[in-house]
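Okay, thanks for coming, everyone. Have a look at the chain on the screen and we'll talk through a pocket and a core.

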Amino acid sequence: MIRLFIQSYYCIYLVVFIALCGTELCAQENESADSIIVDEQFVEDYKITEFFESPLFLTKLTQRDEITRRINWSWEFLGPDVVPKENNPGGRAIPAYSVNRGNGTGRINYLLVHPNDKNKVWACSPTGGLWYTINGGEKWLEGGTDQLPVSGVSSVAVNLKKTKQWIVSTGDGDDRFMFTNGLWRTYNGGKTYECINGTEPATALPFGSPYDLNTYISEVACNPANFNQLVVASTKGLWYCENARRKVIKKWKRISDGQFYDIEFIPQKKKGSQIIVASGDKLVISYDNGKSWNEMQLPEYENPERFLFLRMSVEYCPEDPDLLYVAVTSSEAATSSPEGEATLQTFSLKDRQWKIIRSLKPDMNNMLTTRARAFDVCPTDKDLIMCANVQPVYRSTDGGISFSKTEKNQMHDDCHVIEFSSDGKEVWCAHDGGVSISYDGGIHWSNRDNGIGAANIFGLSTSQTKLPQVIYGGYDVGGNMLRQGEWKHVSWGDGFETICHPLDSNVMFSSMQNGMIQRCMDGDKFDETSNPSVKTQWHTWMRMHPTQHNIIYCAGARLVRSNDLGKKWETIFDCKKTDPALHNAYRFYLSEDHPEVMYVYVLDEDTKVNPQVWRTFNLLAENPNDIVWEKLKDLPVQGWIMNICVDPDNAEKCWILYSHQEPKGKLWWFDGVDYNDMTLNLGLSKCESMILQRGKSRRLYIGSNYGVFSKKNTDSEWTLMMGLPGTFIKSLDINYTSGKLIVGTFGRGVWQGDLLGL
């Protein structure tokens, strides 16, 4: 068995990238023949014949310190990659006012439309990756970013002369749901990628450490006339290089510190010459094609003493190349609210003066810093300006002096990008549901999502059926159900935990934020509301009892139980009555092997991250007052608990999973007396889900941003089941009828794969 010890992530990062980043990956698939020592018995047990040895895989291991067992597992994408059909629109689960506003395939934060061929468009999901179309959005293709260590993509730069050459920036530069590990380049339309962060430590881009959660790239952009010239806007400054097509990029130049967000190249009369504009909390301009850079005076905006975080998004119109149109937004911090008032302003490239056109708040949805790119000026009509936030899109036909609303309910809520085609005849919008297009200047919109599979999934459950039947709750897309091969949108809002009845596939539950639960009894309509009458957390944690299927539970300030599938509820654990210091029964965990047992994860009111665990051994007592609760021994570490699995042989023992990325103290085994660290070789992975497979092997599966780890009780190490995209795995379930592990990813939808074994 191979054992990789990483004393310092950053040191290994440099060593591996010095050796690997400048080399074509496709030519080196078997370069390190002695880099992996095979456990022959393990291979025999699980018929494993293929181990990864490619430089790309080894690059992934720069974030993993002791991951020794790893296998290439076969996974099937279940979707959705088309907009789910609206199920029973106008009812309680999808009220009339929300139709089309909560239905989609996933969040898109960035668009690039080819200026010379508007049928070619690239769309970036900050958690799910890159998609592209060659037919104007009729069909989208996955851009190969599933293979990257971080699949989320915040932006893309394309060689306009050779459109299979791209550079992607990873992570989430807007809402910061996914960290970045820098820039990746492809010469073959996403078949293979190589990292171009740089090879010289003193001049390399400072991206890649999973511990640095304050580093994000908002945009990478290239000179439209020269793909070699590359600019990177990030939270660690503005970066520049002039040899982006070289096999090895040895040197990056840092132009300015600050938090940069947006980049514009403005063509000049001299062939290849550009004015380069970069903005964020600063405005920096190069008037001589990158040779020198000048920091401009900041615009005036409301209450800068309070709203310290400034973000400028810049657009220009060829009709008036002297002016920059700037959406100026502000907030108390990069990802906090409240937001300061947004304004539309212009900046003169000649006299370097600012002019305020108007506020973007009165009679409008105030633009937010995290959606500052939801703003564009028509390249053929400087008077046509659009901006957006939630709903609707606002249009100005007089240069921004006045705006009018477009009709609501034409697209998903929460617009992130507005982008005109170069001839001004089409305008695109990217939002939390995918992509939309307008052919009449933004008045009417239609979906263009076919092929985009970027769903951000929280809770997931499966029915015990031969064909896959899955229901999940997704970020900003509500509840979605796969049944008989078709995806349906069954409830709106932010979707969270779900329930599938294990014996009756017609009975399901979907939930949205703060305890709103919808019930389905016929396999089709989710139009019965179940109200647990308790203050819940945002994520609405609910579960069905594993053997008494008429009973469901919901967590909150009071943990409640329903004995009739959600019609009536009763309290079984009251935090304040149990202990005045307790704040919330955040989550709870059940055991099919021990029907009378429940473990409850409780938050302390003072810190809210100092966890306690309580449990009962008589959960099914008819009178709730007869249920006896006891507090588990003080936990070994603080932090957020993601899951608890009860030992199938002894209910006094359990596994406790934390979400932190440290290489130790991530998974603990409680033996009834004390806690034992079972992290072993989980490395620096961020683990957010865990499930116990039935059977004497006591096999555990753990979902992480590296993939799925698995271990049975006799294994000495965890096995990494490779092949899933580089996203967070928020939920796991098992379909024992089909023998499949169902995986809910945050950014790439639902997947299934065979169970590893007993």
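Let me start with what I mean by a pocket: on a 1 Å grid over the protein atoms alone, it's an open set of points where a 1.4 Å probe fits, with protein on both sides within 12 Å along at least five of seven lines, and lining residues have an atom within 4 Å of a point. Two words on the source: this is a predicted model, local features need pLDDT of at least 70, side-chain atom pairs count only at pLDDT 80 or more, and totals for chains, interfaces and linings use all residues. Residues are numbered from 1 along each chain as its sequence is written, and side-chain values use heavy atoms, with hydrogens and water left out.

So, which residues lie nearest the centre of the second largest pocket? They're Leu112, Pro224, Glu264, Phe265 and Glu419, out of 38 that line the second largest pocket. By strand (a DSSP E run of at least two residues, numbered from the N terminus), β16 (260-267) is among those supplying at least two lining residues, and β16 gives the most, with five.

Now the largest nonpolar core, meaning buried (under 20% relative accessible area, 1.4 Å probe, protein chains only) Ala, Val, Leu, Ile, Met, Phe, Trp, Tyr and Cys residues joined through side-chain atoms within 4.5 Å. That core has 38 residues, and Leu559, Phe573 and Trp629 are among those with the most contacts inside it. β45 (598-604) is one of the strands supplying at least two residues, and β45 gives the most, six.

Notes: Buried means under 20% relative accessible area, exposed over 50%, partly exposed in between (1.4 Å probe, protein chains only). Helices (H or I, at least four residues) and strands (E, at least two) are DSSP runs, numbered from the N terminus.
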